[in-house]
Amino acid sequence: MSEYKYADVGINLTDSTFKGEYYGKQHHADDTEHVIQRGVDLGCLKFMVTGTDLEESKKAIALAEGYPGRCYATVGVHPCQTESFDKHPGGPTVLLQELETLTVDAKGRGLATAFGEIGLDYDRLHFAGKEQQLKYFEAQLDIAVKVQLPLFLHSRAAGEDFERLLSARLPSLPRRGLVHSFTGTMEEMESLVALGLDIGVNGCSMKTEENLDVVKAIPLERLQIETDGPWCEMRASHASAKYKDDAQGLPKSVKKEKWTADSMVKGRNESATIVHVVHVIAKVKGISTAELCQAAWNNSIKMFGLGETSDQQRP
Ligand SMILES: [Zn+2]
């Protein structure tokens, strides 16, 4: 067993690659169970599975049901999926209602621990235009207030709009939320922290020197850790690489064509790599892994619960 414990608060375990399917082609058996076990073996004891639309949220809840005390789900529609509101049979109002009903039920069963992934993505307007994104970010924030779950947020290049819509509702959301996969500037990080939000760091948050300066400055009591697998793998070309030299080894990884149940897959990130995310953040901040792990764990438990009790539970 690992001496540290980690919570991967952003893992897309419902992605088809964890069922062995890549770009529509089946390469190997479903290995979700092995992926989770590899994480657990390294001390990753909690997995918050990201829901990105109604169907994916249902799958995330079903997965959480299969791993009680281990996996939890988020429910929401990602900004890049907001076209699904108009495409939904019955239209946007029906989809919003279905999301709310699903969340209330899954929260009641202890399976849904956050509302999201919701937010704004102005880097990828080809998936959904600004108006569309704003309209359904706002409508979904209203659901989050009704169901009283902390937020799991996504923001890309939308600074002002993002903060404006959030600040109006945060007073009604005592557990606030997490801006996951943070890649913004120092100023953005500072204003999100000032709003009372936590910042989620993964491999994508540490690609450049500028990113690392931001990570260094995130207050320890506002930092949470994630992998965002199967995405956001840390690469040799990233600024983070120079801090990885003395990191502990990870399970071996092979090409998907050479898959075996006990190996990770090259190019498919998974929760076991949270160990390296933590290692690099600790180095960048100049603190011990133990101190970082403890802080991040406490922050995640305080905000999302994840089946644990925190003595400092936010009101
Ligand atoms: Zn995201």
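1. In this predicted model, helix H9 is largely enclosed by the rest of the structure, because ten of its twelve residues are buried. The buried positions are Ile274, Val275, His276, Val277, Val278, His279, Val280, Ile281, Lys283 and Val284, a list that takes in two histidines and a lysine beside the valines and isoleucines.

2. The helix itself covers residues 274–285 and reaches 16 Å from its first C-alpha to its last, which is close to the 16 Å expected at 1.5 Å a residue. Just after H9, Gly286 takes a positive phi of about 70 degrees.

3. As for what surrounds the helix, the cover over the buried residues of H9 includes strands E1 (6–11), E4 (44–49), E9 (198–201) and E10 (223–225), together with helices H8 (209–217) and H10 (289–304).

4. The largest nonpolar core holds 76 residues, and those touching the most other members are Met48, Val49, Ala64, Tyr72, Ala73 and Val278. H9 gives this core its largest share, seven residues. Ala73, when its neighbours within four places in sequence are left aside, is in contact with Val49, Gly51, Ser57, Ala60, Ile61, Ala64, Ala106, Leu111 and Ala112.

5. Turning to the whole chain, the secondary structure comes to ten helices and twelve strands. The radius of gyration is 18 Å, close to the 20 Å that the globule rule gives for 315 residues, so the chain is as compact as a globular protein of that length. Buried residues make up 46% of the chain, and of the contacts with a separation of 6 or more, 74% join residues 24 or more positions apart.

Key. Residues are numbered from 1 along each chain as its sequence is written. This is a predicted model: local features need pLDDT of at least 70, side-chain atom pairs count only at pLDDT 80 or more; totals for chains, interfaces and linings use all residues. Helices (H or I, at least four residues) and strands (E, at least two) are DSSP runs, numbered from the N terminus. The expected span of a helix is 1.5 Å times one less than its number of residues. A residue is buried if 20 or more other C-beta atoms lie within 10 Å of its own, exposed if 12 or fewer, and partly exposed in between; C-beta atoms are placed from the backbone. Two residues are in contact if their C-beta atoms, placed from the backbone, lie within 7 Å. A nonpolar core is a set of buried Ala, Val, Leu, Ile, Met, Phe, Trp, Tyr and Cys residues joined through C-beta atoms within 7 Å. The radius of gyration is taken over C-alpha atoms; the globule rule is 2.2 Å times the number of residues to the power 0.38.
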